[in-house]
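I wanted to get my bearings in a structure that is new to me, so I opened it and kept brief notes. Here is what I looked up.

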Amino acid sequence: MEHIREKNTDGMLSKVEVAGPGFINFFIAPHKWYEVLRQVHDMDAAYGTSTSGQGKRVQVEFVSANPTGPLHVGHGRCAAVGDTLAAVLCAAGFKVEKEYYINDSGLQIATLGRSVYLRYLALFGKPAPLPEEAYQGDYIRDIARGVAADEGDRLLNMKEDDAVAICAKRAADEIMAGIKEDLKAFHVSFDNWFSERSLVESGAVETAINDLKTRGIIYEHDRALWFKTRQFGDEKDRVVVRANGAATYFASDIAYHQDKLERGFDRIIDIWGADHHGYIPRISACVQALGHPKDRVCFVLVQLVNLLREGMPVAMSTRAGQFVTLREVMQEVGTDAARFSFLLRHYDSPLDFDLELAKKQSNENPVYYVQYVHARISNILRKARERGYNEIRWEDDFADLINLPEEIALIKLMQRYPDVVTQSARLLEPHRIPFYLMELAGAFHGYYHDRHRHQVVSDDPRLSAARLFLVSAIRIIIRNGLALMSVSAPQQM
RNA sequence: GCGCCCGUAGCUCAGCUGGACAGAGCGCCGGACUUCGAAUCCGUAGGCCGCAGGUUCGAAUCCUGCCGGGCGUACCA
């Protein structure tokens, strides 16, 4: 105890006492809390940022949906998680690059091309049954109609493989363009779009395989090429090139991760849907085989989304073309509600996303709860300006005016915000942001509602000025937090 | 079978590297608008933190086993 008192030279602590077995309570001197308040205003949009990431370079790869169909809600959740995580890391002082890996090569693209080709044939009165693995959504027909419009019947006289290739290229490009539009509408941006095809065409895939072959990490067995993933902890070895000569996606992934690793990131984060988790040991093996520490690449698995409408599950299947797209969800519930809802659970938990619920402008919907704080305070500030409070600036007498316990409690909450951001970055858990904002919003609503005791703009000009300073600090944090999630902070609702 | 994830209030979920009586929202019930916005607030009720062991001064948190659920377990991604 004496030791603590001696160290307390700057008067940060007002009181220290022993509180039962193993506990010591420290009481922070009130003036320290006012420093927090001033700091919020001084830093403004930068409040919450820190240098804890020390400028280390981090790559976040997310969504990376195959261009074989439009984005669905599951992709939306990954998009919200990845984009917000990137923003959080950036705020925590990391240098972040966001990347989308485009699977525009390989078997699925061939299947896509074939699906379009068959629809194309049907347009010319040559209907052919669709194989079970074909994509069957209406968008496939639309693309086929586009091919017919631009190419006429030219493809009918071609070798089938060439025709399919044309269809595949066109379909992938068109679908990819649609995905980009959807992501833009969802306020998700990427620094880099990385094409798998470019790896194949540049020979990077072949080179990577050959290198690993000479090192004995890739070997031939039953006419196929296998990667010794077992040697690095996977439960079995994995095929890289099939007996029929076709490379698996794993082949491209090796080259892709090699490329990523060579770009010199301190950390690479792969965000995947949880259904891909069986892939982790494989990629991890690849990272190690390429001579990098295992933890250079880390994985965030986002659990799947159960889409509901009024509590009833909405059935979805990409192949059969029955699914609710991200675009439809955005149009129905709005991007703010969608993004907020996606972030409202730890990514480890499956998410029940109820379309009707997300639309409700009521207390069942936390988005508005948080946004409402911003609108309310904005309104107070508007009213204050009408009364001549044009400048919100700290005055020394505020310390004597802002001293109710509930006001100190609000400041304590505000003080926590930067820690929430750095913690969220350290643990790669973006859901901490909306949870914190809801807590701050709740504290504010409670404070605000007792108008008799907490009237902000009142007949007392000094008190009004002080409370305006307090309340606008809250608004700054709400706005900053929502900005991390790319959710709007409305002036009025 | 094996691997990963999850089992906390009626429902949906928080709970950082173990620490003071387990929290929130929704729902239920009961209250609050002549005042800066009621998309709000206040209050009541509701929990052997899946079960059983173990480590520890101390476990919702760590370890083991079991039960229940989700997802994987391809020369598909």
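**Notes on the RNA and the pocket**

I began with V457: one of its polar backbone atoms sits 3.2 Å from a base oxygen of RNA strand B. I'm calling that a polar contact, meaning a pair of N or O atoms within 3.5 Å. I then found S349, with a side-chain N or O atom 3.1 Å from a phosphate oxygen of the strand. For E235, a side-chain N or O atom is 3.5 Å from a sugar or linking oxygen of RNA strand B.

A caution to myself: this is a predicted model, where local features need pLDDT of at least 70 and side-chain atom pairs pLDDT 80 or more, while totals for chains, interfaces and linings use all residues. Residues are numbered from 1 along each chain, chains are lettered from A and ligands numbered from 1 as written, and side-chain values use heavy atoms, without hydrogens and water.

Next I looked at the whole surface near the strand (a heavy atom within 4 Å of it). I noted 55 residues around RNA strand B, with R242, Y249, R345, N379 and H452 the closest. They split into 20 nonpolar, 22 polar (Gly goes here) and 13 charged (Asp, Glu, Lys and Arg). α14 gives the most, eight residues; helices here are DSSP runs (H or I) of at least four residues.

Which part of the strand faces the protein? Of the RNA atoms within 4 Å of the protein, 68% belong to sugar or phosphate and the rest to bases.

Technical notes. Polar contact = N/O pair within 3.5 Å; in protein donor to acceptor, adjacent residues only side chain to side chain. Helix = DSSP H or I, 4+ residues; strand = E, 2+ residues; numbered from the N terminus.
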